[in-house]
Amino acid sequence: MIFENNRKFAQSLDAQDELRKYRDEFYFPKVNGKEVLYFTGNSLGLQPKRAKTYVDEVMSDWANMAVEGHFYADKPWWDYQERFAVPLSEIVGAKPTEVGVMNTLTVNLHLLMVSFYNPTPKKYKIICEEKAFPSDQYMFQSQVKFHGYDPKDAIVEIKRREGEANIRLEDVLAKIEEVGSDLALVLIGGVNYYTGQVFDMQTITAAGQKHGAYVGWDLAHAAGNIKLNLHDWNVDFAAWCSYKYMNSGPGNASGFFVHEKHHNDKELKRFAGWYGHNKERRFKMEPDFDPVHGADGWQVSNLPILSLAPYLASVEMFAEVGMDKLIAKRNLITSYLEFILHEIDKELEGADFEIITPSNPRERGCQLSVYLHGQGRELFDRLMKNGVITDWREPNVIRLAPAPFYCSFEDMYEFGQILKRLILEK
Ligand SMILES: *Cc1c(COP(=O)(O)O)cnc(C)c1O
């Protein structure tokens, strides 16, 4: 498609957008009485209007039924989490028995590492990406120390080449070969939070497993953003938060995946709790743990229903639309934003924007990370005052995620105009 940098063209794309009615299903913050241009759905998704209905339902069941709500609420609380299995399995490409929802992301990765990281003196190394999300770095260090190893020796990072923003697949594979039989675990962010780079999860999973390692993925920036096929890719385990692309609300619950090939493995260690126990016998208060067959066998506590409620509202919206339509719009709107950035860059001689996210649509999702050379944090602050919410990372990178559920093509055009005006005004 030949794009044009004008309002009429942007509006024509909106007119053809099958998902445009969903924009009205979300609350947009306002600045100066006007709805903002929201580019941070990769950090905290907007609130779906229907989320409140789901929360209110739990609040009134609690008021009206109290403890009886566990079994007699419209959506009983004791197995409320099971409502997520089908829609989540479609979002991440899994069987319903392979996915669940519980706790929060880093907690779930720790719990999954109890099962999938059991180092021995001959096999103890973890491969991750250089500059992984800080929570993941702290998690690796603490896990390695917990098992009595030295993080400097046990954690192997895949580096970027000098002068390159993204990690090459060949370098990931070479590192896996190099570590070889010492490799216990590969655990990488499926979509890099800083650059938006999408990793080839299928190829990397197979390469790690060839050396007898487990391979897991942190899907914080991938779930609800890119096409995933966790079952077919033979991924061992994965987890994701729900408050980024999945619009479930601040700090909300995490989804997780355990491949069905591990469901019968009685040797796998796990930290157990009563919600992982045999569903029919859960309330018999028996002494011996008999795990639920499937991912829910990794459950620990009874679930925080008030926080699952808005997540359920969101997951049902994903089920209505389906990942394919979201991804089709995502590709178009991200490409349009890329085009707008190039146009503004040309119009402002020497503005010098450098998009570090891969330009190949198969290697990126809904995020463009842009170096604004010559600009400082002050530009970010002025964008904010002018109703554009972006994410600023030192030294001068803005991350822009035009979430396809609620962003419009006209937003992209409007953003270009505001950016140009603010840079010229300086
Ligand atoms: C957002 C994010 C997290 C956040 O973890 P929480 O435990 O939910 O606070 C972890 N890892 C990555 C890669 C992220 O992008």
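Author: Helices (H or I, at least four residues) and strands (E, at least two) are DSSP runs, numbered from the N terminus. You are looking at a predicted model, in which local features need pLDDT of at least 70 and side-chain atom pairs count only at pLDDT 80 or more, while totals for chains, interfaces and linings use all residues. Residues are numbered from 1 along each chain as its sequence is written, and side-chain values use heavy atoms, with hydrogens and water left out.

Reader: Let me try that on a backbone feature. Where does K131 lie?

Author: K131 is in the loop between strand 7 (125-129) and helix 6 (134-146). Its phi is near 50°, a positive value in a residue other than glycine.

Reader: Is K131 buried or exposed?

Author: Buried means under 20% relative accessible area, exposed over 50%, and partly exposed in between (1.4 Å probe, protein chains only). K131 has 60% relative accessibility, so it counts as exposed. N32 makes a good second case: its phi is also positive, near 50°, and its place is the loop between strand 2 (30-31) and strand 3 (34-35). With a relative accessibility of 70%, N32 is exposed.

Reader: Which peptide bond is cis?

Author: Look at the bond from E394 to P395, where omega is near 0°. P395 belongs to the loop between strand 16 (391-393) and strand 17.

Reader: Now the ligand. Which residues are around it?

Author: Here a residue is near a molecule or strand if one of its heavy atoms lies within 4 Å of it. The ligand's surroundings are L105, T106, F133, D136, D218, A220, H221, Y243 and K244. To sort them, count Ala, Val, Leu, Ile, Met, Phe, Trp, Tyr, Cys and Pro as nonpolar, Asp, Glu, Lys and Arg as charged, and the others, Gly among them, as polar. The shell then holds four nonpolar, two polar and three charged residues.

Reader: What lies 2.5 Å from an oxygen atom of the ligand?

Author: A polar contact is a pair of N or O atoms within 3.5 Å; within protein, one must be able to donate a hydrogen and the other to accept it, and residues adjacent in sequence count only if both atoms are side-chain atoms. The answer to your question is a polar side-chain atom of K244. Y243 brings a polar side-chain atom to 2.6 Å from a ligand oxygen, and for H221 the distance is 3.3 Å. On its own the ligand has 390 Å² of accessible area, and the protein covers 84% of it (Shrake-Rupley method, 1.4 Å probe; for residues, only the protein chains shown count as cover).

Reader: And inside the protein, which backbone atom does the side chain of D17 meet?

Author: A polar atom of that side chain is 2.8 Å from the backbone nitrogen of L19. D17 sits in the loop between helix 1 (7-15) and strand 1 (26-27), and with a relative accessible area of 7% it is buried.

Reader: What lies over the ring of F133?

Author: A charge sits over a ring if NZ of Lys or CZ of Arg is within 6 Å of the ring centre and within 35 degrees of the ring normal. Over F133 you find the charged end of K244, 5.1 Å from the ring centre. R270 does likewise over the face of W298, at 4.0 Å.

Reader: How many aromatic pairs are there?

Author: Rings of Phe, Tyr and Trp (its six-membered ring) pair if their centres lie within 6.5 Å; planes under 30 degrees apart count as stacked, over 60 as edge-to-face and the rest as tilted. The count comes to 25. One of them is F116 with Y214: the centres are 4.9 Å apart and the planes at 80°, so this pair is edge-to-face.

Reader: Why does that pair tie together separate parts?

Author: F116 lies in helix 5 (residues 105-116) and Y214 in strand 10 (residues 214-218), so the pair joins parts 98 residues apart in sequence. F116 is buried at 1% relative accessible area, whereas Y214 is partly exposed at 26%. F318 and F405 make an edge-to-face pair too, 5.1 Å centre to centre with 80° between the planes. F318 is in helix 10 (residues 305-321) and F405 in the loop between strand 17 (397-400) and helix 13 (409-425), so parts 87 residues apart in sequence are tied together. Both F318 and F405 are buried, and they join Y22, F26, F28, Y38 and Y406 in one aromatic cluster.
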